[in-house]
Each structure stands twice: as C-alpha cells, then as structure tokens.
Amino acid sequence: MHGNSHSVLVIDDDVDIRESLRDALEDAGYEVATAANGREGLERLEHALKPCVILLDLMMPVMSGPEFLFALREAHDATPVIVVSAYGELADADTGIACFIPKPVRLDTLLKAIRLHCCRLEVHEQEQPKPPRHM
Ligand SMILES: [Zn+2]
C-alpha cells in the first residue's frame with residue numbers, strides 16, 4: 001500500500017457523519033483525514049496533507065464550505081472538491097466543485113464520485129502511470 005494509497009479529506013461539522021464516512025471510506029481502501037469545519041480543513045492542508053479528493057459540507061460553524069472553497073482556490077489548490085450536503089445549500093458553492101452528493105449520502109454514489117475524481121492530480125507521484133485501483 002505504501003505510496004499507492006488514495007486519500008480523502010472529509011470536512012463536516014457533524015461528528016456522526018465524519019465518523020461514518022471515515023469507516024466506509026477506510027473499508028473501501030482509502031486513507032481518511034477529517035476536519036470539523038473549513039478552518040480545520042485548511043490547517044490539515046497546511047500541514048502537508050495532500051488528499052486526492054476533498055468531501056465538503058457547506059453549512060458549518062467557524063468556516064463554511066463556500067468560504068473554504070474560496071480560500072482553497074485563492075491558494076491555487078486545485079484538489080477536486082465533492083460537496084456532500086443537503087439539497088438547497090449549493091447556491092453559494094457552485095463554482096469550482098467537482099460534483100454534488102446530496103445527504104443522506106448513498107455510499108455507492110459517493111464511492112463512484114470519488115473514483116471518478118481521485119488521482120487526476122497525482123500521476124506525477126507515480127513511476128509509471130497505471131489505472132487507479134480502489135477496491
Ligand atoms: Zn487517488
């Protein structure tokens with residue numbers, strides 16, 4: 001697995017959602033980091049975390065999803081962001097996101113979206129390009 005695992009950063013203020021997504025994604029073979037709001041998410045990224053994909057809630061205290069997205073793109077970080085949120089919260093965040101997964105989350109839909117967007121940015125980290133393997 002070393003050097004060949006895929007990582008996901010989960011940003012959500014709901015601890016139950018964070019932990020259930022962590023369990024499900026770890027079961028699917030991903031390395032998972034979590035953050036409780038956009039500010040914590042930025043701090044994770046500042047400390048050398050380089051996720052393949054970021055899962056982002058929108059309505060959060062301290063720093064919301066749209067505020068996080070703005071700061072991320074201001075820092076020229078092009079990591080794919082999948083918004084995981086309730087319908088109706090998307091309006092402020094519809095720029096620069098890879099896709100939108102509504103809550104309650106369907107795991108198969110989420111895993112498909114992650115597979116689609118994972119690793120577009122990390123070909124340079126591999127000696128030879130190979131098809132992404134996630135299962
Ligand atoms: Zn990946």
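A nonpolar core is a set of buried Ala, Val, Leu, Ile, Met, Phe, Trp, Tyr and Cys residues joined through C-beta atoms within 7 Å, where buried means that 20 or more other C-beta atoms, placed from the backbone, lie within 10 Å of a residue's own, exposed means 12 or fewer, and partly exposed covers what falls in between. The model is predicted, and local features need pLDDT of at least 70, side-chain atom pairs count only at pLDDT 80 or more, while totals for chains, interfaces and linings use all residues. Residues are numbered from 1 along each chain as its sequence is written.

**Exercise 1. Describe the order of elements in the protein chain.**

Helices (H or I, at least four residues) and strands (E, at least two) are taken as DSSP runs, numbered from the N terminus. On that basis the protein chain has four helices and five strands, which follow one another from the N terminus as β-α-β-α-β-α-β-β-α. Within this order, β3, α3 and β4 form a right-handed β-α-β unit, right-handed meaning that, with the strands pointing away from the viewer, the path from the first strand over the helix to the second runs clockwise.

**Exercise 2. Identify the residues with the most contacts inside the largest nonpolar core, and the elements that supply it.**

The largest nonpolar core holds 25 residues, and those with the most contacts inside it are Val-8, Ile-11, Val-53, Ile-54, Leu-55, Leu-56 and Ile-82. At least two residues of this core come from each of β1 (7-11), α1 (15-27), β3 (53-56), α3 (65-74), β4 (81-85) and α4 (107-117). To follow one member outward, take contact to mean C-beta atoms, placed from the backbone, within 7 Å; setting aside neighbours within four places in sequence, Val-8 is in contact with residues including Leu-25, Val-53, Leu-55 and Ile-114.

**Exercise 3. Trace the pairing of strands from β1 to β5, and state how β3 and β4 are covered.**

Two strands pair if DSSP finds at least two bridges between them. Starting from β1, the pairing with β3 is parallel over four bridges, with Leu-9 having Ile-54 as its bridge partner in β3. Next, β3 and β4 run parallel and are joined by three bridges; here Leu-56 has Val-83 as its bridge partner, while Leu-55 stands opposite Ile-82. Finally, β4 pairs with β5 in the parallel sense over four bridges, and the partner of Ser-85 in β5 is Pro-102.

As for covering, β3 has Val-53 and Leu-55 buried on one side and Ile-54 and Leu-56 buried on the other. In β4, Val-81, Val-83 and Ser-85 point one way and Ile-82 and Val-84 the other, all of them buried; because five of the five residues of β4 are buried, this strand is largely enclosed by the rest of the structure.

**Exercise 4. Is Ile-101 buried or exposed, and what does it touch?**

Ile-101 lies in β5 (residues 99-102) and is partly exposed, because 17 other C-beta atoms lie within 10 Å. Not counting residues up to four places away in sequence, Ile-101 touches Ile-82, Val-84, Thr-109, Leu-110 and Ala-113.

**Exercise 5. Decide where the model should be read with caution.**

Using pLDDT, the predictor's confidence in each residue from 0 to 100, the mean for the protein chain is 85, and 79% of its residues reach 70 or more. Over residues 121-128, however, pLDDT stays under 50, and the model has four contacts beyond four places in sequence for them. Where pLDDT is low, the predicted coordinates should not be read in detail.

Notes
Two residues are in contact if their C-beta atoms, placed from the backbone, lie within 7 Å.
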